[in-house]
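Please take a moment with the model below, and then follow the paragraphs that lead from the whole chain to one of its helices and on to a part of its surface.

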Amino acid sequence: MHLSAVLLHLAGATMLLLFAVHMVRSGMENAFGGGLRTMLGAARQGHAKAAAGGTAMAILLQSSTAVAMLACGFAANGILAVATGLALLLGADLGSALVVRVLSFDLGWLVPVCLFAGGVLHLKFSARRTREIGRMVLGVGFVLLSLRLIGTATAPLRDGAMLPSLSGYLAEDYLTAFLVGALFTWLVHSSVAAILMVATFAGQGLVPLEAAVPLVLGANLGGGLIAFWLSRGMPPAAQRIPVGNLFFRATASLAALALVETTAPPIAALGSGPADALVNFHVLFNVALVLAGLPFVALMTRLVDRLLPDVEAKAASDDPLQNRVTALDRSVITTPRLALASATRELLRMGELVEVMVRPVMDLLRAGERVEITRVRDIDKAVNQAHTDIKLYLAEVNRGTMTTEEASRSIELTDFAINLEHAGDIIAKNLLVLAEERSDKNWRFSSEGWAELVDLHAQVVENMHLSLNVLISQDPPSARQLVLEKEKMREMARYTHDRHLRRLQSGTPESIETSGMHIEIARGLKEINSLLVTVAYPILTRSGDLLTSRLANTNHS
């Protein structure tokens, strides 16, 4: 086989591996996103528990980066302390290594089982969670299949001269191999995929352990670089966690590299073959990183606090509008087309503020302190101000000469601004009041009831993203999907209502204690979702997809 054909097969197998890892992660997030966020919230009880929670979440998501992004979101909202987040990510690094350990076993017999079972679940069932579980199972099957394809694609390279010479060079130059591993991991944005590939190469005899070990250590550094890169535009409170984790990974991987180069430990003895030994070395490295890193979490917290200080105190004051440049450009107010684009940008910012309010709601309802609740409630002032500014701006635009289409768009923007403002009020004046009441009375939800509410909240957050995308894109298929999600939300709300009544009949103490609160939370989340869906109605009305009372029965490719 020619070298070009080998590289083409290898590139295809590599992309299948990356796609498969993404499938598993997205399926898990879509099916159990609410539960994962609950798990993250529960991990805030001590560094050891946080590390254990991070390990579990990384195993479920097959990605420490996904855990890091969730932690960044919580930290940005003031819900997660930096020290707890650092402990969480140390555990997530170990969880990611354990995923590599499981996937590196000889599980070839599982490929057809996963492909068949996952395909049936994803294609033949209509329930959303069942379909997403099918996506996860398919992803696992594709991961295992891609590893076999990588082994097959690289087999001809063993007889060539290029790869052995390159491997020999990397075996002699540990630092270059280390940097190559870090760069490759950052480029593919998956440490799991990168290490599985290196282990496969080692198992095929294409890369000796002398080169594979620094490649794996570099991949551990690269895994930290991914989260650091993805969080670069976030507030300092969110950036501190991936920066601290990057320091931990860099220090540990460089120290391990120096140790390997100077002492030449018997790494081959860690497994029955090179691939097995390499994966076990990766797991042991991350176990050592957790044990060595946890005692220094407080010290690392102080370091990242100094490196990434908060912005000036006035920016964190009670007025979220301070130091903000509005998107409402008054210089184009006489040009309706440009003015409407300006109002749309400001409305998007308003939607993002509502999203910042809705994201931590379940954590605040579960164990929120009054200072945290007040911080989120204060954002409603910014939402109300944005609502007022947008309405006044559009009213001034309407006084000019506008086409029929521009006038309709102005009305649509005004209506959605009103609905977003109402959604903010539901959070501030209803859900957060319930959070304060639960905190004052120290009530507890039943585990089953709480899981149902978490799922409702996760659906609202997901639909929040979709609604803002529809606002900008004006895409009819996306608008149609958003309206379909309203029906799904209605079914979920009806389900939790019925289940709650059954728990009351069975005498569940927690359900009796929080009965009114459970129903009010479910109703509030459902109402917020209904307000978000309104952005889709004008689009579907224009396309003929929306009848008077329901979606038209049309088939769209």
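Buried residues account for 51% of the 557 residues in the protein chain, and since the model is a predicted one, this value describes the prediction. The chain is built with 22 helices and zero strands. When contacts between residues at least 6 apart in sequence are considered, 81% of them join residues that are at least 24 apart.

Helix α12 offers a place to look at this in detail. It runs through residues 274-293, which makes 20 residues, and from its first C-alpha to its last it reaches 28 Å, close to the 28 Å expected at 1.5 Å a residue. Which residues of α12 are buried? They are A277, L278, V279, N280, F281, H282, V283, F285, N286, L289, V290 and G293. An α-helix has 3.6 residues a turn, so residues three or four places apart point the same way. The buried residues of α12 pack against α4 (82-103), α9 (191-203), α10 (209-230), α11 (236-263) and α13 (297-307).

From the buried residues we can turn to the outside, where the protein chain exposes about 25,100 Å², with carbon and sulfur atoms supplying 62% of that area. One nonpolar surface patch, of about 260 Å², is made by F228, W229 and L230. W229 is found in helix α10, and α10 is also one of the helices against which the buried residues of α12 pack. Why does W229 count as partly exposed? Its relative accessibility is 37%, and W229 is classed this way because that value lies between the 20% under which a residue is buried and the 50% over which a residue is exposed.

Technical notes. Residues numbered from 1 in each chain as written. Predicted model: local features only at pLDDT ≥ 70, side-chain atom pairs only at ≥ 80, totals over all residues. Heavy atoms only, no water. Helix = DSSP H or I, 4+ residues; strand = E, 2+ residues; numbered from the N terminus. Expected span 1.5 Å × (residues − 1). Buried < 20%, exposed > 50% of the residue type's maximum accessible area, 1.4 Å probe, protein only. Contact = heavy atoms within 4.5 Å. Areas by Shrake-Rupley, 256 points an atom, 1.4 Å probe, with all protein chains shown as cover. Patch = residues over 30% accessible without salt bridge, like charges linked within 9 Å, V, L, I, M, F, W, Y side chains within 5 Å. Salt bridge = Lys/Arg side-chain N within 4 Å of Asp/Glu carboxyl O.
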